[in-house]
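Subject: Structure handover, with notes on the ligand site and empty space

Hi,

Here is the structure for you to look over. My notes on the ligand, the pockets and the cavity follow below it.

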Amino acid sequence: MDTTIKQSLMEIVGRENFTDALIDLIAFSKDASEHMHRPDAAVWPVNTEQVSAIMKLATEKRFAVVPRGAGTSLAGLAVPEKGGLILDLGRMDRILEIRIEDRLAVVQPGVVYADLDRALSPHGFFFPPDPASGSVCTLGGNVATNAGGIKGAKYGTTRDYVLALEVVLPDGRIVRTGSICMKSVSGYDLTRLFVGSEGTLGIITEITLKVNPRPPMNSTAMATFETLEDAGRAVSEIMYSGIIPSALEVVDRETLMVINENTDLNLPEVEAILVAETDGYTREETDFQMARIVSIFKKNNAITTRKAHSTEEAMALWTARKSAYGVVARINNNLVVEDLAVPMSRVPDMLTSISKIAEKHNLSIPTVGHAGDGNLHPVICFDGTDGDEVRRVEEASAELFERVVELGGTLTGEHGIGLAKIPFMGLEHDRRRIDLMRSIKDLFDPHNILNPGKMGLEG
Ligand SMILES: Cc1cc2nc3c(=O)[nH]c(=O)nc-3n(C[C@H](O)[C@H](O)[C@H](O)COP(=O)(O)OP(=O)(O)OC[C@H]3O[C@@H](n4cnc5c(N)ncnc54)[C@H](O)[C@@H]3O)c2cc1C
């Protein structure tokens with residue numbers, strides 16, 4: 001990037017909101033994945049007009065622009081593969097309006113998930129997607145990745161809550177999509193096209209979100225199982241029993257062993273643990289739902305079941321699930337956090353396949369996941385300085401994705417394609433579908449300026 005472009009960028013955002021300092025460029029060369037590429041410069045715009053001026057300049061001078069929220073992507077979505085400019089939306093972080101009478105909130109893209117949740121709380125409302133990274137990730141990033149979380153089975157993902165957007169297109173035009181009404185079928189659904197588009201079609205500068213009343217009560221229970229089949233049958237049966245738990249999470253034996261080896265939590269080393277949560281408006285309602293779930297656990301040969309009688313007990317039951325990533329990340333040099341999803345009835349098949357693939361390639365792959373919506377997170381642990389191990393990780397990943405597709409699943413439930421899953425796009429999508437996606441990219445971004453090199457859109 002030549003100095004005249006840098007000068008123009010400084011004029012647009014002000015010197016204090018521009019950097020090409022090496023230390024910043026190194027920080028911006030990574031997200032939470034293993035991928036790394038250094039940008040040429042970074043800016044922090046503070047309003048939509050600045051974003052628009054930056055994009056006009058990028059189109060005129062043909063440099064790449066990568067929008068960035070908090071950089072917590074786990075699949076290389078926010079990494080500037082072709083260099084260029086990082087456009088960090090972190091300083092556009094105002095909650096513009098909470099309009100409870102219309103059940104909506106209007107926010108800038110740099111608002112952190114948890115900050116919106118905190119602001120909604122006094123109104124008795126919440127924004128349900130609840131990604132585990134919610135204390136740091138931004139709502140712009142959530143929309144661009146269609147983020148989800150443990151409440152997905154009952155409440156869906158970010159996509160289900162985005163009513164309207166303001167977006168800056170690659171040539172600098174500002175467009176508004178959607179409607180603030182709860183219902184609208186007025187023309188093509190441009191809003192949803194931007195949701196999950198990984199910053200490849202436009203820069204989201206304002207978001208209107210539907211918000212939900214927060215159920216005040218919940219119940220939590222945990223069950224241990226000696227076989228994956230029993231746990232899997234329990235999951236299926238719960239999900240068609242008429243009860244929809246607000247969370248239904250699975251933790252496998254490998255994860256329990258890794259946690260036990262590295263903490264004093266002393267978890268039961270069974271084949272699988274399921275943790276369920278129900279929510280509602282009265283204690284009777286949540287307890288009624290939980291009693292049904294516990295009876296399904298028992299019917300499917302749970303070795304033990306435990307129901308929490310206080311908030312502290314509930315937190316204790318969540319320990320295995322919630323401590324898993326932290327423990328695994330702390331003790332391994334490198335991790336690939338996979339994010340595949342299969343139909344719920346195939347969760348046991350997939351868990352069995354993951355453990356066979358781990359054994360075959362002599363790798364540790366602890367797995368946790370959202371059993372209630374079939375979204376599993378096998379975490380492939382390795383040492384990136386060991387060439388042989390890296391090769392085995394690549395082979396194991398390829399086998400995992402082949403198996404996912406065989407089971408009717410999808411490469412990613414919530415983290416996106418980014419750079420990490422490009423090699424596997426052809427397993428899930430046929431040529432026609434990929435061509436259609438490429439035509440959409442061409443229509444919005446004919447010069448391939450926005451987040452180039454992602455999602456397998458080039459080729
Ligand atoms: C410990 C941990 C736990 C996680 N748990 C979950 C989880 O439970 N569920 C889940 O879904 N994800 C999870 N993630 C992944 C990640 O947090 C989500 O993908 C999140 O939505 C990314 O938000 P971000 O602000 O960090 O975006 P970034 O990582 O900065 O960017 C992600 C993508 O969005 C694009 N983007 C960002 N802002 C904009 C914008 N304003 N306009 C256009 N494009 C934009 C970027 O270009 C990039 O393609 C987790 C990550 C970590 C590290």
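A cavity here is a set of grid points, over the protein atoms alone, where a 1.4 Å probe fits but cannot get out; a residue counts as lining if it has an atom within 4 Å of a point. Keep in mind that this is a predicted model.

**The cavity**

How many cavities of 30 Å³ or more does the structure hold? One. The volume of the largest cavity is about 30 Å³. Its lining is made up of Leu228, Ala231, Gly232, Val235, Val250, Leu274, Val347, Pro348 and Leu351. Two helices, α8 (228–239) and α13 (347–360), each supply at least two of these residues. α8 has the largest share, with four residues. By class, the lining of the largest cavity is eight nonpolar, one polar and no charged.

**The ligand**

Where does the ligand sit? The space it takes is the largest pocket. There are 34 residues around the ligand. Those that come nearest are Pro67, Thr72, Ser133, Thr138 and Gly148.

Three polar contacts are worth checking on your side:

- Asn142: a side-chain N or O atom is 2.9 Å from an oxygen atom of the ligand.
- Leu77: a polar backbone atom is 3.3 Å from an oxygen atom of the ligand.
- Gly141: a backbone N or O atom is 3.4 Å from an oxygen atom of the ligand.

On its own, the ligand has 980 Å² of accessible area, and the protein covers 93% of that.

Which elements build the shell? β3 (65–68), α5 (139–145) and β10 (203–210) each give at least two residues to the shell around the ligand. The largest share comes from α5, with five residues. Sorted by class, the shell has 16 nonpolar, 15 polar and three charged residues.

**The largest pocket**

The largest pocket holds about 1200 Å³ of space. It is lined by 50 residues, and Thr72, Leu74, Pro131, Ser133 and His415 are the closest to its centre. Thr72 and Ser133 also appear among the residues that come nearest to the ligand.

Elements that supply at least two lining residues are β3, α5, β10, α12 (319–331), β17 (367–370) and β18 (375–382). Which of them gives the most to the lining of the largest pocket? That is α12, with six residues. In the shell around the ligand, the largest share belongs to α5. The lining of the largest pocket divides into 23 nonpolar, 21 polar and six charged residues.

**The second largest pocket**

The second largest pocket has about 730 Å³ of space. Its lining counts 34 residues. Nearest its centre lie Arg159, Val195, Gly196, Ile417 and Met455. Helices α7 (190–194), α15 (425–428) and α16 (431–444) each give two or more residues to this lining. α16 gives the most, with five residues. By class, the lining of the second largest pocket is eleven nonpolar, 15 polar and eight charged.

**In short**

The ligand takes the space of the largest pocket, and the protein covers 93% of its accessible area. The second largest pocket draws most on α16. The largest cavity draws most on α8.

Best wishes

Terms used:
Residues numbered from 1 in each chain as written. Predicted model: local features only at pLDDT ≥ 70, side-chain atom pairs only at ≥ 80, totals over all residues. Heavy atoms only, no water. Near = heavy atom within 4 Å. Polar contact = N/O pair within 3.5 Å; in protein donor to acceptor, adjacent residues only side chain to side chain. Areas by Shrake-Rupley, 256 points an atom, 1.4 Å probe, with all protein chains shown as cover. 1 Å grid on protein atoms, 1.4 Å probe; cavity = no way out; pocket = protein on both sides within 12 Å on 5 of 7 lines; lining within 4 Å. Sits in = over half its atoms within 2 Å of the grid points. Nonpolar A, V, L, I, M, F, W, Y, C, P; charged D, E, K, R; others polar. Points joined across faces, edges and corners; volume = space filled by probe spheres on them.
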